[in-house]
Amino acid sequence: MANYYCLMAGVPDISLQDLQDPQISLQQFREQTEEVITEKDSKLLYYFYLKKDCLNLVKMLKHPEVELNTYGNLSREQLEDLITSARTMNFNVHRYPSFMSIFAREYDYNKDKAGYFPEDVILYQFYTYAMDCPNKFISAWYKLNLDLTNMLTAFIARKYGWSVSDYIYGDNEVNEMIRNNNTKDFDLKNEYDYVVEIMNIVDTDDPVDKERLIDAFKWKWLDEATFFDVFSLEAVFAYLCKLEMMERWEQLEPEKGQARFKEIIENLRGEAKVPDEFIRKQIK
């Protein structure tokens, strides 16, 4: 695997505290990366941008003329082709990931079902797909994201008396433990050393603080996983993930942040009753 010394030595150090004065954007780093990345490693960075494709696919299925995230691998024309091919049962798994074609084909049948949240469904399918990435670091990153999502969902659901199993996607080891265990930590602490930290995050009252703590946890994981490989493809991938977090927070004005949190809760709760004080909590 290639060594990206010149690329990584030339980019600024970044942290979540740099939001007021970002020294490099995600787009700038992408352009720098494309100038030096090998063809083999480009196929691994494909997974980072594929997540954008998945969310763009949902946007287009809902509103065909919607503005798309520009960071994806697929153009609007390619997404239109994916949707058309899927609906006519003529999709090609070699042209697009098959899970995306299947999702597009089934969307019209599922969209009006109670409790169907397409963004959640396709992200679960994406994480499952990305966990099969041949790069161990990238595979572990997406496994962490899936496990973390389900752990947070389970702890929040239990905290507010919701049926935990109604909100958990998939049948992996973490989910089976969550569904089949009634202890406070779902017996996860014995297998995952970060569970106590996740439980503390769930107990944080302020929704914005909660999201920042989640991103800080992910940031720390990326730092530790690439500590000895600062010029590797893994370091390049981690830097992309960090810039994505920074860009999201940079654009997250207080009003938008509150609206986004309400959207997250609405997607999570389905028909469940969310405590009023949880929704009314204002961003400082």
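1. Start with F237, which is as buried as the scale allows you to write down: its relative accessible area is 0%. Keep in mind that this is a predicted model, so every value below is computed from it. F237 sits in helix α11, which covers residues 233–250.

2. What does F237 pair with? Across from it is F137, with the ring centres 6.2 Å apart. The planes meet at 85°, and since over 60 degrees counts as edge-to-face, this pair goes in that class. F137 counts as buried too, at 10% relative accessibility. Because F137 belongs to helix α7 (residues 136–159) and F237 to α11, the pair links parts of the chain that are 100 residues apart in sequence.

3. That pair is one piece of a wider aromatic picture. The count comes to 20 aromatic pairs. F137 and F237 also belong to one aromatic cluster, together with F48, Y49, F126, Y127, W141, Y142 and W221.

4. Two arginines are worth a look while you have the rings on screen. R30 lies over the face of Y49, 3.9 Å from the ring centre, and Y49 is a member of the cluster just listed. R158 does the like with F186, at 3.8 Å from the ring centre.

5. Y142 deserves its own point. Beyond its neighbours within four places in sequence, Y142 is in contact with Y47, F48, F126, Y127, A130, M131 and F237. Y142 is also among the residues with the most contacts inside the largest nonpolar core, along with F29, L57 and L188. That core has 88 residues, and α7 supplies its largest share, 13 residues.

6. Is N145 buried or exposed? N145, which is found in helix α7, counts as buried, because its relative accessibility of 4% is under the 20% cut-off. Setting aside neighbours within four places in sequence, its contacts are Y127 and K218. Y127 turns up again here, having already appeared in the aromatic cluster and on the contact list of Y142.

7. Over in helix α4 (residues 76–87) you will find I83. It is buried, with a relative accessible area of 8%. Leaving out neighbours within four places, I83 is in contact with L57, M60, L61 and A104; L57 is one of the best-connected residues of the core, being listed with those that have the most contacts inside it. From I83 to Y107 is 9.9 Å, C-alpha to C-alpha, with their positions 24 residues apart in sequence.

8. Now the second largest pocket, whose volume is about 340 Å³. It is lined by 16 residues, and those closest to its centre are M8, D13, V230, Y239 and K242. Which elements give two or more residues to the lining? They are α1 (5–9), α10 (207–225) and α11. Helix α11 gives the most, with 4 residues, so F237's helix has a role in this lining as well as in the aromatic pair.

9. Stepping back to the whole chain: there are 13 helices and 0 strands, which leaves a run of α elements from the N terminus on. Of the 284 residues, 48% count as buried. Among contacts with a separation of 6 or more, 62% are between residues 24 or more positions apart.

Technical notes. Residues are numbered from 1 along each chain as its sequence is written. This is a predicted model: local features need pLDDT of at least 70, side-chain atom pairs count only at pLDDT 80 or more; totals for chains, interfaces and linings use all residues. Side-chain values use heavy atoms; hydrogens and water are left out. Rings of Phe, Tyr and Trp (its six-membered ring) pair if their centres lie within 6.5 Å; planes under 30 degrees apart count as stacked, over 60 as edge-to-face and the rest as tilted. Buried means under 20% relative accessible area, exposed over 50%, partly exposed in between (1.4 Å probe, protein chains only). A charge sits over a ring if NZ of Lys or CZ of Arg is within 6 Å of the ring centre and within 35 degrees of the ring normal. Contact means heavy atoms within 4.5 Å. A nonpolar core is a set of buried Ala, Val, Leu, Ile, Met, Phe, Trp, Tyr and Cys residues joined through side-chain atoms within 4.5 Å. On a 1 Å grid over the protein atoms alone, a cavity is a set of points where a 1.4 Å probe fits but cannot get out, and a pocket is an open set with protein on both sides within 12 Å along at least five of seven lines; lining residues have an atom within 4 Å of a point. Grid points are joined across faces, edges and corners, and a volume is the space filled by probe spheres set on the points.
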